[in-house]
Amino acid sequence: MEEISIDEFHKLDIRVGRVVECEKVEKSRNLLKIIVDLGEEKKQIISSISNYYTPEEMMGKQLIILNNLEPAKFMGLESQGMLLAVEDDNGVSLLKPDREMAPGTRVH
């Protein structure tokens with residue numbers, strides 16, 4: 001991958017969010033519609049993780065969110081950010097803080 005400058009990194013708005021609503025997207029194979037509380041705002045994120053997490057498992061989770069990603073549409077639903085995760089042969093693991101943080105806290 002191409003290296004980026006520290007100035008380019010600072011353009012990323014990465015924040016802690018808390019899942020306050022989550023449901024499977026009807027007629028999709030693996031999409032979840034997730035509402036994330038970011039402190040001063042809530043955002044809808046559409047993520048292809050339902051093969052790894054149920055809506056019930058997602059509720060209340062604190063996650064790391066890329067907050068300033070250009071919106072995109074999935075099955076007619078707008079996604080206003082991205083959950084950060086890692087994936088290997090064992091599946092997907094969502095990134096999260098190792099202790100409770102206030103929703104909206106910025107990642108540095």
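**Figure 1. Residues I65 and L83 face each other across two strands.** In this predicted model, I65 stands opposite L83, a residue of β7. The two strands concerned, β4 and β7, are paired in the antiparallel sense over 2 bridges. L83 has a relative accessibility of 8% and therefore counts as buried, since buried means under 20%. Leaving aside residues up to four places away in sequence, L83 touches I34, I45, S47, I49, M58, L63, I64, I65 and L94. L83 and V107 are 24 residues apart in sequence, and their C-alpha atoms are 13 Å apart in space.

**Figure 2. Strand β4 is enclosed by the rest of the structure.** What fraction of the residues of β4 is buried? The count is 5 of 5, so the strand is largely enclosed by the rest of the structure. Q62, I64 and L66 point one way from β4, whereas L63 and I65 point the other way. In a regular strand, side chains alternate between the two faces of the sheet. Residues on both sides of β4 are buried here. Strand β4, residues 62-66, also pairs with strand β1, residues 14-24, in the antiparallel sense over 5 bridges. Within this pairing, G17 stands opposite L63, and R18 has Q62 as its bridge partner.

**Figure 3. Five strands form an open sheet.** In which order do the strands of the open sheet lie? The order is β3-β2-β1-β4-β7, with antiparallel pairing. β3 and β7 stand at the edges with a single partner strand each, so one side of each is left without a neighbour in the sheet. The partner of β7 is β4, to which β7 is joined over 2 bridges. At the other edge, β3 pairs with β2 over 6 bridges, again in the antiparallel sense.

**Figure 4. Strands β2 and β3 form a hairpin.** The hairpin of β2 and β3 has 4 residues between the strands, and G39 in this hairpin takes a positive phi near 90°. Along the paired strands, V36 stands opposite K43, which belongs to β3. Is β3, an edge strand, mostly buried or exposed? Of its 6 residues, 5 are buried, so β3 is largely enclosed by the rest of the structure.

**Figure 5. A nonpolar core gathers residues from several elements.** The largest nonpolar core has 15 residues. Those with the most contacts inside this core are I34, I49, M58, L63, I65, L83 and L94. β1, β2, β4 and β9 are the elements that give two or more residues to the core. The largest share, 3 residues, comes from β2. In soluble globular proteins, nonpolar side chains tend to be buried together. L83, shown in Figure 1, is in contact with other residues of this view, including I34, I49, M58, L63, I65 and L94.

**Figure 6. The largest pocket is lined mainly by nonpolar residues.** About 340 Å³ of space lies in the largest pocket. Several elements give two or more residues to its lining, namely β3 (42-47), β5 (72-74), β7 (82-83), β8 (85-88) and β9 (91-94). The lining has 20 residues in total, and I46, S47, S48, M82 and L83 lie nearest the centre of the pocket. By class, 14 of the lining residues are nonpolar, 4 are polar and 2 are charged. L83 thus appears both in this lining and among the residues with the most contacts inside the core.

**Figure 7. Three loop residues are seen in detail.** K27 is placed in the loop between β1 and β2. K27 is not a glycine, yet has a positive phi of about 70°. With a relative accessibility of 80%, K27 counts as exposed, the cut-off for this class being over 50%. M75 lies in the loop between β5 and β6, and its phi is near 50°, a positive value in a residue other than glycine. S50 belongs to the loop between β3 and α2. At 17% relative accessibility, S50 counts as buried. Not counting residues up to four places away in sequence, S50 touches K24, R29, N30, L31 and L32.

Definitions and conventions:
Residues numbered from 1 in each chain as written. Heavy atoms only, no water. 1 Å grid on protein atoms, 1.4 Å probe; cavity = no way out; pocket = protein on both sides within 12 Å on 5 of 7 lines; lining within 4 Å. Points joined across faces, edges and corners; volume = space filled by probe spheres on them. Nonpolar A, V, L, I, M, F, W, Y, C, P; charged D, E, K, R; others polar. Pairing = 2+ DSSP bridges. Buried < 20%, exposed > 50% of the residue type's maximum accessible area, 1.4 Å probe, protein only. Contact = heavy atoms within 4.5 Å. Core = buried A, V, L, I, M, F, W, Y, C linked by side-chain atoms within 4.5 Å.
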